[in-house]
Each structure stands twice: as structure tokens, then as C-alpha cells.
Amino acid sequence: MGCLRGEGDKWIYLKNYLKFYYYIKNMKQSIMIIGGGQLCLMMCEESYKLKDNIDKIYIYCDKLNTPCSYIDFIKYNYIELIIDDYNNENKINEIASKCNY
């Protein structure tokens, strides 16, 4: 018994979608956040729930004394704090090239 017209295309689409979903679900993400203020701190604290899906979080800020500098970097071992000038485009581009988002 053959497929109705278009039914085979639906199965191919579904099969490709499931492959893509499995790939994205099992892929670890790297994220860059510019600015180490309170919003960044709250995002990092909440990221602990998703730590299995996170490869690295890069926090780029210009001062050492920011709310994110008080993160427990032993517990959040996937977070890296980078202190540098915001006008340093080379450093920002270097970190951004390592990130998915």
C-alpha cells in the first residue's frame, strides 16, 4: 500500500526535525554577556538550573567591583569574568567568536 501524495514529505520533514531537535538539545551553549551588573548576576544565578546545557558563560565588564564579581566561581565553574575596556574591540570579537549567543 503506497503513501498518499504528500504523506512521504511529512515523514521526511518530521524525521529531519527530530534529528535537529536532538542535536540542539544535546548541544552545550556558550554565552557572552557584556556588563556585570545586577541583571547579569541574576541571569548567572538562574543559569545554575541549566548548567548541563551550558558550556561557558563569559561576562565582559570594565570594572572589577561589579555585582558579578561576587559570584561563587567554584560553584559556578562554567562562568568566566573578563575585566577589560569596552572600547577594546579585538578582545570582544575574540570572546564573541567562541560563543553561540
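How many salt bridges does a search of the whole structure find? The search finds 2, and I will come back to both of them once I have set out the fold and the cores, bearing in mind throughout that what we are looking at is a predicted model.

Let me begin with the overall layout. The protein chain has 3 helices and 3 strands, and if you read along the sequence, these elements follow the pattern α-β-α-β-β-α. Of the 101 residues in the protein chain, 25% count as buried. When we take the contacts between residues at least 6 apart in sequence, 67% of them join residues at least 24 apart.

Next, the interior. The largest nonpolar core has 11 residues, which are I33, C40, C44, I54, I57, I59, C68, I71, Y76, Y78 and I79. Two elements give two or more residues to this core, namely helix 2, residues 38-46, and strand 2, residues 54-61, and of these it is strand 2 that gives the most, with 3 residues. If you would like one residue to look at within this core, I would suggest I71, which, leaving out residues up to four places away in sequence, touches L41, C44, I59, Y76 and I79. There is also a second, separate core of 7 residues, and among its members are M32, I82, I92 and C99.

Two of the residues in the largest core, Y76 and Y78, bring me to the aromatic side chains. The structure holds 3 aromatic pairs. In one of them, Y48 and Y76 are arranged edge-to-face, with 5.6 Å from centre to centre and 75 degrees between the planes. Why does this pair tie together parts that are 28 residues apart in sequence? The reason is that Y48 lies in the loop between helix 2 and strand 2, whereas Y76 lies in the loop between strand 2 and strand 3. The partners also sit in unlike surroundings, since Y48 counts as partly exposed at 31% relative accessibility, while Y76 is buried, with a relative accessible area of 9%.

Y76 has another ring partner in Y78, and because their centres are 6.2 Å apart and their planes stand at 70 degrees, that pair is edge-to-face as well. Both Y76 and Y78 are buried. Taken together, Y48, Y76 and Y78 form one aromatic cluster. Y48 has a charged partner too, for the charged end of K75 sits over the Y48 ring, 4.7 Å from its centre.

Now I return to the salt bridges. In general, side chains of opposite charge can pair when their charged atoms come close. The first one I will describe joins K49 to E46, where the closest N and O atoms are 2.8 Å apart. K49 is exposed, with a relative accessible area of 67%, and E46 counts as partly exposed at 44% relative accessibility.

The other salt bridge joins E80 to K56, and here the closest N and O atoms are 3.7 Å apart. E80 lies in strand 3, residues 79-83, and K56 lies in strand 2, so this pair ties together parts that are 24 residues apart in sequence. As for its surroundings, E80 is partly exposed, with a relative accessible area of 31%.

I would like to finish with two polar residues that are nonetheless buried, S30 and T66. S30 is found in strand 1, residues 29-34, and with a relative accessibility of 4% it falls under the 20% limit and so counts as buried. Which side chain does the side chain of S30 make a polar contact with? The partner is the side chain of D55, at 3.5 Å. Beyond residues up to four places away in sequence, S30 touches D55, K56, K98, C99, N100 and Y101. In that list, K56 is the residue that pairs with E80, and C99 is one of the residues of the second core.

T66, for its part, is found in the loop between strand 2 and strand 3, and at 8% relative accessibility it counts as buried. Leaving aside its neighbours within four places in sequence, T66 is in contact with G36 and C61.

Key:
Residues are numbered from 1 along each chain as its sequence is written. This is a predicted model: local features need pLDDT of at least 70, side-chain atom pairs count only at pLDDT 80 or more; totals for chains, interfaces and linings use all residues. Side-chain values use heavy atoms; hydrogens and water are left out. A nonpolar core is a set of buried Ala, Val, Leu, Ile, Met, Phe, Trp, Tyr and Cys residues joined through side-chain atoms within 4.5 Å. Buried means under 20% relative accessible area, exposed over 50%, partly exposed in between (1.4 Å probe, protein chains only). Helices (H or I, at least four residues) and strands (E, at least two) are DSSP runs, numbered from the N terminus. Contact means heavy atoms within 4.5 Å. A polar contact is a pair of N or O atoms within 3.5 Å; within protein, one must be able to donate a hydrogen and the other to accept it, and residues adjacent in sequence count only if both atoms are side-chain atoms. A salt bridge is a side-chain nitrogen of Lys or Arg within 4 Å of a carboxyl oxygen of Asp or Glu. Rings of Phe, Tyr and Trp (its six-membered ring) pair if their centres lie within 6.5 Å; planes under 30 degrees apart count as stacked, over 60 as edge-to-face and the rest as tilted. A charge sits over a ring if NZ of Lys or CZ of Arg is within 6 Å of the ring centre and within 35 degrees of the ring normal.
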